[in-house]
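This report goes through the salt bridges, the overall fold and the surface patches of one protein chain. The sequence and the model are shown first.

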Amino acid sequence: MRPLRSRRRQRRGISLGVLALCLAAACSLQSQGVSLYIPQAAINATVEEDILLSVEYSCHGVPTIEWKYTSHWGVQKIVEWRPGTQANISQSHKDRVCTFDNGSIQLFSVGVRDSGYYVITVTEHLGSRQFGTIVLHVSEILYEDLHFVAVFLAFLAAVAAVLISLMWVCNKCAYKFQRKRRHKLKESTTEEIELQDAEC
């Protein structure tokens, strides 16, 4: 009979071990309920470009997705939604954001002020959550800088032309003034010479 007891204990031990393993797997699945994949963690863009902040997530059930924008100006909530429902978009990004069911968002007509960190939070209904960050750098288009330089150079050329014209007019006036003065000096010297001759 003893061998039967040990077999029963052994079976109980195995079933308890399998049960513990299943519980550990379930706990581990529950703690890792959300996985988040970001294919491009850093994006460079130019002004007025449309940008896709692409992510993919997997979880049990329908999560809540939230995007925030962080820069040296502060933290700002962009959008929050559950896939399949209407997104709650902040006033600052009202007509500039498009959401997708995979968690991605698209920003329309980005500017230099849009440079910064975009943080996504995917929260499962059980409470587990996953964070991800995308860095966006927006730079101005080079030809806009060249346009500014060209306008500035044209302004300087116009100012130089006006100054040259003023110098030419001043030079002509000074020349006429000197001619009149010489003519008056010449007349006065001839009058003095005639007076001296008359006195002699």
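## Salt bridges

Three salt bridges are found in a search of the whole structure, which is a predicted model. One of them pairs the side chains of Lys 77 and Glu 66, with an N to O distance of 3.7 Å. Lys 77 belongs to strand E6 (residues 74–81) and Glu 66 to strand E5 (residues 64–71), so this bridge ties together parts that are eleven residues apart in sequence. The two partners are covered to differing degrees: Glu 66 is buried, at 18% relative accessibility, while Lys 77 is partly exposed, at 34%. The cut-off for buried is under 20% relative accessible area.

Lys 77 also forms a salt bridge with Glu 80, where the closest N and O atoms are 2.5 Å apart. Glu 80 counts as partly exposed, with a relative accessibility of 28%.

## A bridge between two loops

Arg 96 and Asp 114 are joined through their side chains in a salt bridge of 2.6 Å, N to O. Arg 96 sits in the loop between strand E7 (88–89) and strand E8 (97–99), and Asp 114 in the loop between strand E9 (105–107) and strand E10 (116–123), so the pair links parts that are 18 residues apart in sequence. Arg 96 is partly exposed, its relative accessibility being 21%. Asp 114 has a relative accessible area of 10% and is buried.

Shared partners connect some of the bridges: Glu 66, Lys 77 and Glu 80 are joined into one network. Lys 77 is the residue that bridges to Glu 66 and to Glu 80.

## Overall fold

The chain contains two helices and eleven strands. Read from the N terminus, the order of elements is α-β-β-β-β-β-β-β-β-β-β-β-α. Helix H2 covers residues 142–199.

Of the 200 residues in the chain, 22% are buried. Among contacts between residues at least 6 apart in sequence, 53% join residues at least 24 apart. The chain has an accessible surface of about 15000 Å², and carbon and sulfur atoms account for 59% of that surface.

## Nonpolar patch

A nonpolar patch of about 960 Å² lies on the surface. Its residues are Phe 148, Val 149, Phe 152, Leu 153, Phe 155, Leu 156, Val 159, Val 162, Leu 163 and Leu 166. Phe 152, one of these residues, is part of helix H2. Phe 152 is partly exposed, with 43% relative accessible area. That value meets the requirement for patch residues, which is over 30% relative accessible area.

## Positive patch

Lys 172, Lys 176, Arg 179, Lys 180 and Lys 184 form a positive patch on the surface. Lys 184, one of these residues, lies in helix H2. The relative accessible area of Lys 184 is 61%, and the residue is exposed. The cut-off for exposed is over 50%.

Helix H2 therefore holds a residue from each patch: Phe 152 of the nonpolar one and Lys 184 of the positive one.

Conventions: Residues are numbered from 1 along each chain as its sequence is written. This is a predicted model: local features need pLDDT of at least 70, side-chain atom pairs count only at pLDDT 80 or more; totals for chains, interfaces and linings use all residues. Side-chain values use heavy atoms; hydrogens and water are left out. Patches are made of residues with over 30% relative accessible area and no salt bridge: like charges are joined within 9 Å, nonpolar side chains (Val, Leu, Ile, Met, Phe, Trp, Tyr) within 5 Å. Accessible areas come from the Shrake-Rupley method with a 1.4 Å probe; for residues, only the protein chains shown count as cover. A salt bridge is a side-chain nitrogen of Lys or Arg within 4 Å of a carboxyl oxygen of Asp or Glu. Lys and Arg count as positive and Asp and Glu as negative; His and the chain ends are not counted. The place of a charge is taken as NZ of Lys, CZ of Arg, CG of Asp or CD of Glu. Helices (H or I, at least four residues) and strands (E, at least two) are DSSP runs, numbered from the N terminus. Buried means under 20% relative accessible area, exposed over 50%, partly exposed in between (1.4 Å probe, protein chains only). Contact means heavy atoms within 4.5 Å.
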